[in-house]
Amino acid sequence: MAGKGKILLMDDEQIILDVTNEVLGFLGYEVMFAQDGEAAVALYKREKEAGVPFDVVILDLSVPEGMGGREAMEKLREYDPAVKAIVSSGYGNDPAVTAYTDYGFSAKLTKPYKITDLKATLEEILKK
């Protein structure tokens, strides 16, 4: 089944953006990027106000040179309490990963994530 939806991917690592873009494109999704939480929040607001909102947001938890996923999620939830977001991290023991729903996330992906995990997680969120 081909994916259908618009995804906002926020990660500070260009290689993650490039590879995940390829995978999501292959799966049939439209993808836009941000390299930190501040840019992700601004892009989310711009697209929603333009009438072309994102279906799912994937937020990297740790961004050393900017706003990370936890803070970005707080701001997104203030703006749109119905936002559907996935926390992405290489650190599986962070509270925002282990108890992701407590932070408003719909799901989690541990990096490096497998194509099958990414596909299944997106399908699960989008059918809700």
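A salt bridge is taken here as a side-chain nitrogen of Lys or Arg within 4 Å of a carboxyl oxygen of Asp or Glu. In this structure, which is a predicted model, the side chains of Lys-119 and Glu-123 meet in such a salt bridge, with 2.9 Å from N to O. Both residues belong to helix H5, where they stand 4 residues apart, about one turn of the helix. Lys-119 has a relative accessibility of 26% and therefore counts as partly exposed, and Glu-123, at 25%, is likewise placed in the partly exposed class.

The salt bridge between Lys-119 and Glu-123 is one of 8 that the structure holds. Another joins Glu-124 to Lys-127, whose closest N and O atoms are 3.6 Å apart. Of these two partners, Glu-124 is partly exposed, with a relative accessible area of 38%, while Lys-127 reaches 64% relative accessibility and so counts as exposed. Elsewhere, salt bridges with shared partners link Asp-11, Glu-13, Asp-60 and Lys-111 into one network.

A further salt bridge brings together the side chains of Glu-47 and Lys-6, at 2.4 Å from N to O. Because Glu-47 sits in helix H2 (residues 37-49) and Lys-6 in strand S1 (residues 6-10), this pair ties together parts of the chain that are 41 residues apart in sequence. With regard to solvent accessibility, Glu-47 and Lys-6 are both buried.

Lys-111, a member of the network described above, also takes part in a feature of the backbone, since the peptide bond that leads from Lys-111 to Pro-112 is cis, with omega near -5°. Pro-112 itself is found in the loop that lies between strand S5 (107-110) and H5, and the path along the chain thus returns to the helix that holds Lys-119 and Glu-123.

The packing of the helices can be considered next. Two packed helices are described by the angle between their axes and by the distance between those axes. For helix H1 (residues 14-27) and helix H5 (residues 115-126), the angle is about 55° and the axes are 11 Å apart. The two helices are therefore oblique to each other, and the crossing in which H1 passes H5 is right-handed. On the side of H1, the contact is made by Thr-20, Val-23, Leu-24 and Leu-27, and on the side of H5 by Ile-115, Leu-118, Lys-119 and Leu-122. Sorted by class, the residues of this contact comprise 6 nonpolar, 1 polar and 1 charged. Lys-119 thus has a place in the contact with H1 as well as in the salt bridge with Glu-123.

A second pair of helices consists of H2 and helix H3 (residues 69-79), which pack at an angle of about 20°, with their axes 9 Å apart. Since angles under 35 degrees count as roughly parallel, H2 is roughly parallel to H3. Here too the crossing is described by its hand, and H2 passes H3 in a right-handed one. From H2, the residues Gly-37, Val-41, Tyr-44, Lys-45, Lys-48 and Glu-49 meet Ala-72, Lys-75, Leu-76 and Tyr-79 of H3. The contact of H2 with H3 divides by class into 5 nonpolar, 1 polar and 4 charged residues. H2 also carries Glu-47, through which the salt bridge to Lys-6 in strand S1 is made.

How values were computed
Residues are numbered from 1 along each chain as its sequence is written. This is a predicted model: local features need pLDDT of at least 70, side-chain atom pairs count only at pLDDT 80 or more; totals for chains, interfaces and linings use all residues. Side-chain values use heavy atoms; hydrogens and water are left out. Axes are lines fitted to C-alpha atoms, for helices over the stretch in contact, and angles run from 0 to 180 degrees between N-to-C directions. Angles under 35 degrees count as roughly parallel, over 145 as roughly antiparallel, 65 to 115 as roughly perpendicular and the rest as oblique. A crossing is left-handed if the near helix is turned anticlockwise from the far one by less than a right angle, and right-handed if clockwise. Contact means heavy atoms within 4.5 Å. Ala, Val, Leu, Ile, Met, Phe, Trp, Tyr, Cys and Pro count as nonpolar, Asp, Glu, Lys and Arg as charged, and the others, Gly among them, as polar. Buried means under 20% relative accessible area, exposed over 50%, partly exposed in between (1.4 Å probe, protein chains only).
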